[in-house]
Amino acid sequence: MAIEKFPVEAGHIMMFARAVGDANKIYYDEAYAKTTEVGSIIAPPTFVQASAQFDPDYRLRPTIGEPWFGSGKEPTGVQQSSGGGGTGLHAEQHYEYHRHPKPGDILTATSRPGQTWERQGRRSGKLIFTESITEYRDQHGELVVTARGVGVRTERPVEQS
């Protein structure tokens, strides 16, 4: 993922917090936020993941005029290639905050590969783990958040018993 411009807006922060069911006033009430240690509205944890909507190549976002795979298992009948003979899934996600994202920030995101490792599975053959590291920087080039995701792919589909 490479995001050239991810504007952080107060309305987006409020809607994201509501979508994840977090009613903390620091995400929407400017008067309240000014009384806190942080001193302003901030984005909730995992908010930077919404930057995917600013990635023109984000595969889960519908593209006008093209069949959409969707975010579920074949909701539209469009097949998705997983590469390899097995299946893959998102295994874990970690966020390291260097400071809180806040309204007015304009973030960029750059991703790079991290570590890769393997384990032997009992029913699916090898489990291949891959790490992806995404750095979110503000308009001044300062590091705001480092996100580390781990995906796992199986060598082959698990046989049904």
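In the predicted model, I128 stands opposite R153 of strand β5. Strand β5 comprises residues 143-154 and is joined to β4 by 11 bridges, the two strands running antiparallel. The β4 and β5 strands form a hairpin in which five residues separate them. Within this turn, G141 has a positive phi of about 85°.

On the other side of the chain order, β4 is also paired with β3. These two strands run antiparallel and are joined by 11 bridges. One of the pairings places W117 with F129, its bridge partner in β4. The hairpin of β3 and β4 has five residues between the strands, and G125 there takes a positive phi near 75°. In a regular strand, side chains alternate between the two faces of the sheet.

Seven salt bridges are present in the structure. Side chains of opposite charge can pair when their charged atoms come close. The side chains of R112 and E135 form one such contact, with an N to O distance of 3.8 Å. Because R112 lies in strand β3 (residues 106-120) and E135 in strand β4 (residues 126-137), this pair ties together parts that are 23 residues apart in sequence. R112 is partly exposed, at 42% relative accessibility, whereas E135 has a relative accessibility of 19% and therefore counts as buried, the limit being under 20%.

A salt bridge is also found between the side chains of E118 and K126, again at 3.8 Å from N to O. Here E118 is partly exposed at 44% relative accessibility, and K126 is likewise partly exposed, at 29%.

A further salt bridge connects D105 and R99, whose closest N and O atoms are 3.0 Å apart. D105 is buried, with a relative accessibility of 4%, while R99 is partly exposed at 22%. The two residues belong to a network of salt bridges that links R99, D105 and D138.

Pockets were examined as well. Rolling a probe the size of a water molecule over the atoms shows where empty space is left. The second largest pocket holds about 150 Å³ of space. It is lined by 11 residues, of which Y58, R59, R61, T63 and E66 are the closest to its centre. By residue class, the lining of this second largest pocket consists of six nonpolar, one polar and four charged residues.

Terms used. Residues are numbered from 1 along each chain as its sequence is written. This is a predicted model: local features need pLDDT of at least 70, side-chain atom pairs count only at pLDDT 80 or more; totals for chains, interfaces and linings use all residues. Side-chain values use heavy atoms; hydrogens and water are left out. A salt bridge is a side-chain nitrogen of Lys or Arg within 4 Å of a carboxyl oxygen of Asp or Glu. Buried means under 20% relative accessible area, exposed over 50%, partly exposed in between (1.4 Å probe, protein chains only). Helices (H or I, at least four residues) and strands (E, at least two) are DSSP runs, numbered from the N terminus. On a 1 Å grid over the protein atoms alone, a cavity is a set of points where a 1.4 Å probe fits but cannot get out, and a pocket is an open set with protein on both sides within 12 Å along at least five of seven lines; lining residues have an atom within 4 Å of a point. Grid points are joined across faces, edges and corners, and a volume is the space filled by probe spheres set on the points. Ala, Val, Leu, Ile, Met, Phe, Trp, Tyr, Cys and Pro count as nonpolar, Asp, Glu, Lys and Arg as charged, and the others, Gly among them, as polar. Two strands pair if DSSP finds at least two bridges between them.
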